[in-house]
Amino acid sequence: MEREPETDPIIDLIPAMVWSATSEGMLDFANQHFLEFIGAPLEEISGVGFYKLFHPDDTSHLASEWHDIMASKHAREVVGRLRRADGQYRWCTLRQKPRLDAEGNVLRWYGVVLDIEDRKQAENALKETKTALAASEQNLSLIINSLPVLVWSARPDGSADFVNKSWLDYAGRPADQILDWGFLELYHPDDIPGMVDIWKRDLEHSDHTVLKGRIRGADGKYRWFYFSGRKLVDANGVVRWFGVNIDIEDLQRAENALRESEAALRESEHKLSLIINTIPAMAWSCTSDGRLEYFNRNLIDYVGLPFEEIVGFGFYRMFHPDDVELMRMAWDDIVASKKSRPVDARIRRADGEYRWFNLRQSPLLDSDGNVVRWYGVVVDIEDRKRAEDSLRQSQSDLAHVTRMTATGELAVSIAHEVNQPLMAIVTNAGTCLRWLQPGHTDIEQARLAAERIVNDGHRAGDIIASIRALAQKSPARMEQTDLKCALRDVLDLLRGELRHREIELDLDLPKWSLEVIGDRTQLQQVVLNLVMNSAEAMAAASSERRIRIRCTEDEQQFVRVSVSDSGRGVPPDELDRVFEAFYSTKADGIGMGLSICRSIIEAHGGRIWASAADSRVGTVFTFTLPMAEVTADYDR
């Protein structure tokens, strides 16, 4: 399939000036190499603006040639001077070729511009040499030896009888090692047979010779040269050949690169076709509005559905019924936003089994940013999904073990917290009985004692309920939760432990509720871990021991919770590592508590980090959570 050059970025990599024009001769494309050479954007030279690049003395001639070429519909090489970005005019050869339709009409013109300034200079130098030869042999020798090209002359049998100083300087050898047939030792071994055949043929049957070959320089490196020679017969009938060798290494490299690029392009197209149908993934393409128009053999074989059933928007029937609407919403959003986004969904296999797949897509945009076509692949991630489910279960089990461990460590303090309302219940029950005894009956005092019993009972029940919630092993329940209430409940369990450790707790909470979507128990575990870590960090502190918990909401609708302490602090170079699994700053720590905290917070759509305290004493652990719809539920 033929491609328009302006649609292929490889054109910009070709070290040659490539262009294209409309059938009317209006320039509409120039590759990056061309634009860098002239130092102007395409807009300045498009249409007929390219005429301004020509030398004033050449413009009329080149315009006439271009019109003749277009009229004849035949390519023809034209030579003229073009202005380079630095203002210098350089000789260039303009080569063009028409692209014709079946009726022979020109569809487009394509061409290249080759800088032949060096060759032109050499040709001019050769002309000057011939003129000088006719005038004076002495002047000829002086001019030839000053030319920046390799000049030579040869006998009728083809052996060299003269080389100029440029030849000697380039070869780095004396003349006697180059003359006669010594020059063959400098030619590339692969080029000698062909060059000698052409040279001998032209000696016998022509009055000029043109060929290319590589010559080894004084540095041992071979460079490509353009050989041009002509036979001359003097007044005495003596035959000699005169010629020049022009360095075309850069031009040859450009030509080689162009050929290699064209071959690589053809090979790439062939490989692409093979790859698309043989890669172990399901490839597809859609129109700009999201309609399926192509899918490779793997996709056809996997779903086992005929093309006509899934083309257009029929591809939705491949998905699991529970995923269809989510997939439709995601795809509509991707098409509307023109931005790719991976999407996971289940696809039914030909045998009826559903497997998880990751659908990835990428838009092809035009110069105006509009989507021309969507390309994508469908990758089987069933094993990855199962691994993720297994990992989540393992993390849940580990989190439960961590909660149980923390609860066990707080057993004494929790028992004390439970014992207080129980002892109050016993005391108030005795008081109630005393006020109900004959002779001491006071119904009002007995009623007040009974109310205190009820309140203390509720208090003990709340503590036990909190412990039970932490101890339960149940799947995560993502629901709207008042984070402030959850914080207070878990802190009630910790107050006794903090008093035992002689740690003061400063709690700064807003008056209104802080509603988030999440699992209440998991969020309480995060706070429990952070507070206990802070308490342990202050175990050896001799100064004031204080933990401050601050809860706010920011402008981005996120709840921000910070837990700061006045402990020994975390070294600055370890702040980013404390959340890594099995990394701990404690001698007896296993390094999983903060790692679990990070997993919980990130699973809730938030993030967690550690930083040094403003007072340069202690550490601040902060996490954020996205807010749910907030209600103005103020404390009373």
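Five strands come together here in an open sheet of mixed pairing, in the order β17-β19-β20-β22-β21. Two strands count as paired if DSSP finds at least two bridges between them, while helices (H or I, at least four residues) and strands (E, at least two) are DSSP runs numbered from the N terminus. Because β17 (504-508) and β21 (607-612) each have a single partner strand, they stand at the edges, with one side of each left without a neighbour in the sheet. Neighbouring strands are turned by 15° against each other on average, direction ignored.

A word on the source: this is a predicted model, in which local features need pLDDT of at least 70 and side-chain atom pairs pLDDT 80 or more, while totals for chains, interfaces and linings use all residues. Residues are numbered from 1 along each chain as its sequence is written, and side-chain values use heavy atoms, with hydrogens and water left out.

Back in the sheet, β19 and β20 run antiparallel, and I549 stands opposite V563 in β20. A second antiparallel pair, β6 and β7, matches W152 with V163 in β7. Here are the two pairs side by side:

| Strands | Residues | Bridges |
|---|---|---|
| β19 and β20 | 546-553 and 558-565 | seven |
| β6 and β7 | 150-154 and 160-163 | three |

The β6 and β7 hairpin has five residues between its strands, and G158 in this hairpin takes a positive phi near 95°.

What fills the nonpolar interior? The largest nonpolar core has 41 residues, and L483, V531, I547, I549, V559 and F623 have the most contacts inside it. Such a core is a set of buried Ala, Val, Leu, Ile, Met, Phe, Trp, Tyr and Cys residues joined through side-chain atoms within 4.5 Å; buried means under 20% relative accessible area, exposed over 50%, partly exposed in between (1.4 Å probe, protein chains only). Helix α16 gives the largest share of this core, eight residues. Leaving aside neighbours within four places in sequence, V531 is in contact (heavy atoms within 4.5 Å) with L491, L494, L498, I547, I549 and V563. A second, separate core of 28 residues includes W284, M318, V324 and A330.

Finally, consider helix α3 (residues 56-72). Its 17 residues should span 24 Å at 1.5 Å a residue, which agrees with the 25 Å between its end C-alpha atoms; the expected span is 1.5 Å times one less than the number of residues. The buried residues of α3 are D58, L62, A63, E65, W66, I69 and M70, and their cover includes β1 (17-22), β3 (78-83), β4 (89-100) and β5 (106-115). Just after α3, K73 takes a positive phi of about 60°.

Notes: Axes fitted to C-alpha atoms, helices over the stretch in contact; angles between N-to-C directions.
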